[in-house]
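Grab a pencil and keep the viewer open. Here are some exercises, each with a solution that goes step by step.

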Amino acid sequence: MIRLENISKTYRTDKVETLALKDINLHVNKGEFLSIMGPSGCGKSTLLNLIGLLDQPGAGTISVDGAAVKSYRDKDVAQLRNQTFGFIFQSFHLINDLQVIDNVELPLLYRSLPARERKQRAREALERVGLGARMEHYPNQLSGGQQQRVAIARAIVGRPQVLLADEPTGNLDSQMGGEVMDLLLRLNQEGTTVVMVTHDEREAKRGSHIVRVFDGQLVS
Amino acid sequence: MFRHLLKPLWKRKSRNLMLTLELLLAFIVVFAIAAASTRYYQLYSLPTGFAHESVWSVQMERAQDGELSNESALYDQLKRSLEAMPEIERVAFADFSPYVRATWQSGVYLPDSGAEMATDMMHVSDDFFAALDMDLQQGQWFSSSDEGSAELPVVINRRLADAMFPGQDAVGKRLSEGAPGSDNSSMLRITGVIGEFRNHGELMTPGNFILKRFSPLSSRHGVSTLLLKLRPGTGRIFEVRLNEQLKLIRNDRSYRISPLTDLRSAILGESIIPLIVLSVIAAFLLLMVAFGLFGVLWQNTTRRIPEIGMRRAAGATALQIYWQIVVEQLLLSSAAMAVGLILLVQLPITGVFGDQLNWAVFLIAVLVSVALMALVSVVCALYPAWRASRMSPTEALRYE
Ligand SMILES: Nc1ncnc2c1ncn2[C@@H]1O[C@H](COP(=O)(O)OP(=O)(O)OP(=O)(O)O)[C@@H](O)[C@H]1O
Ligand SMILES: [Mg+2]
């Protein structure tokens, strides 16, 4: 599904250069649930963002569905992000001034779909995450777990092949985290490939595969 | 898509209200500056009604003050001996020179209805019109053939003609200076109508004007200004000979000779100094407003950089982000400007500023200020959006 070959990433700030990833080779198989683990600052988020084409690698090639991403031109990657990937962030990134249903609908605004179908799909996505009754609410009227489920609905509304989740339970207590994990596992069983960054060994073990990152390199 | 922009705008209304107020304030300041500049430009491009090139004015000054009585012999002598000089084409007399800040205002009345109108006026001799190359719209200039008529011949401008005789031909009509029937009233007979006469020059607000006939033979009072139409190309050096000639004619007077171009520069300069001060203040104000606006809009968009990152992660292109920001900003600015327009349109409707803020000035000022505000607010909003979309979505998402 997604193949990373000899990927490196260096962050440059005014003073320091940080080699965040070094020569990474990784294959994400279709339909798997891949957990990425490792100590803080080791480069997990960087890796996930590179997989989701949110950032450009310093060196190496990423292939999506067998096709190498050659150009990181805005138009080309935007299309891939919109069609292939769904993102879930640790801090939800919901728009508080929009109702839940409108938040979920957001990725569809960047496709040419009639408004009715957008609404319909957003409603379906919310029902899949168990929030069919909260569509008219605003995000700050929901619990953290519910907000993350809204974010998941937003990630799946475009029916992406791959869900990318960066510590999706990091801001949640264990019960709400459990609900979110259950949901991700169910989506995976229904056929969506999931790549998740986590600190929690038990969560990671519920997936089908674990990779460990240490100091910018994969240790398996 | 539109609804998706409107809903959050409305949800953020308390924050947006402040922004709208700032925009409204800026709009009003920009409007005021645009209206003032437009008005000055409009005034400047209006005709003055006369030509000042190669006309010199000579101010005769007497040793003692007091009522100037007519000395027909003097005027006759001045006219004949000056016109004998090869440099001088024509000699005319007037109460005061154009481009001199002198005004004589009085009321004129319709003899029948008693309707009153205030107007500027001055006495000029028959040659005045030719000396200043003025254009007649209707009727005739007054001339020596009007000598001895019981009613004083006058030429009035279009504005006064239209005000006093709307829809009628003013030529041949009569006006009463002073309330009709009162002791000091006298009758004026209109011989001709001119388009415009703005004696103070290009920046004078147009008003009513009556040019009354001064006759060296029969007028009761004298006038003290000569207007000399010179042959084109006559240089300043002629001033010396002219002064000598004038002294020969009448030695007990002193003569102040000034080309109209000099008087014109002087009076324009006088009006332009406050104008410059005003524009410096205006520019400063505009700068403050622009900075204020920029700050507010900058902050407004910067706060949303993580949102922009999330939208791009969800598949928005940079162009789509720009569009969203621009449309949102234009919606806000339009709301502010709509409020501003509702307030400002009261000015021409109620006419508090009279002709200074006529509809033409208002409309141009509105167009200019709307365009400027739209431009400034879009640029101010776009710049942070542009910066945000230059970041990778990752950076934008992490932006604090
Ligand atoms: N935008 C950036 N600019 C500079 N350095 C960065 C940037 N993003 C990450 N880094 C650095 O790259 C390294 C990897 O960061 P990354 O966020 O991928 O770590 P992580 O494994 O996700 O950590 P955590 O578990 O704390 O989220 C860190 O040393 C970090 O300081
Ligand atoms: Mg991280």
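**Exercise 1.** Find which element gives the largest share of the lining of the largest pocket.

*Solution.* Start with the answer: strand E8 of chain B gives the largest share, three residues. Strands here are DSSP runs of E with at least two residues, helices are runs of H or I with at least four, and both are numbered from the N terminus. Next, look at who else helps: E6 (152–157), E8 (186–194) and E9 (209–213) of chain B each supply at least two lining residues. Then zoom in on the middle, where His123(B), Leu152(B), Ser219(B), Arg220(B) and His221(B) lie nearest the centre, out of 32 lining residues. A pocket is an open set of points on a 1 Å grid over the protein atoms alone, where a 1.4 Å probe fits, with protein on both sides within 12 Å along at least five of seven lines; lining residues have an atom within 4 Å of a point. Finally, the space in this pocket is about 780 Å³, the volume being what is filled by probe spheres set on the points, which are joined across faces, edges and corners.

Before you go on, two ground rules. This is a predicted model, where local features need pLDDT of at least 70 and side-chain atom pairs count only at pLDDT 80 or more, while totals for chains, interfaces and linings use all residues. Residues are numbered from 1 along each chain as its sequence is written, chains are lettered from A and ligands numbered from 1 in the order written, and side-chain values use heavy atoms, leaving out hydrogens and water.

**Exercise 2.** Work out which residues lie closest to the centre of the second largest pocket.

*Solution.* First, its space: about 560 Å³. Of its 26 lining residues, Tyr11(A), Ala20(A), Thr46(A), Thr394(B) and Arg398(B) are the closest to the centre. Now for the elements: E1 (2–12), E2 (17–28) and H1 (44–51) of chain A, along with H12 of chain B, give two or more residues each. H1(A) has the largest share, with four.

**Exercise 3.** Explain why one side of strand E6 and of strand E10 in chain A is left without a neighbour in the sheet.

*Solution.* Write down the order first: the open sheet of six strands runs E6-E7-E8-E3-E9-E10 in chain A, with mixed pairing. Two strands pair if DSSP finds at least two bridges between them. E6 (85–88) and E10 (217–219) of chain A are at the edges with a single partner strand each, so one side of each has no neighbour in the sheet. E6(A) pairs with E7(A) (162–166) in the parallel sense over four bridges. One of the partnerships joins Phe87(A) to Leu164(A) in E7(A).

**Exercise 4.** Is Phe128(B) buried or exposed?

*Solution.* Find Phe128(B) in helix H4 (residues 128–131) of chain B. Its relative accessibility is 0%, so Phe128(B) is buried (buried means under 20% relative accessible area, exposed over 50%, partly exposed in between, with a 1.4 Å probe and protein chains only). Then check what Phe128(B) touches: leaving out residues up to four places away in sequence, the list includes Phe93(B), Met134(B), Phe197(B) and Leu227(B). Contact means heavy atoms within 4.5 Å.

**Exercise 5.** Which residues of chain B is Asp97(A) in contact with?

*Solution.* Begin in the loop between E6 and H3 (100–105) of chain A, where Asp97(A) sits. Asp97(A) is buried, at 15% relative accessible area. Setting aside neighbours within four places in sequence, Asp97(A) contacts Pro8(B), Lys11(B), Arg12(B) and Arg15(B), as well as Tyr138(A).
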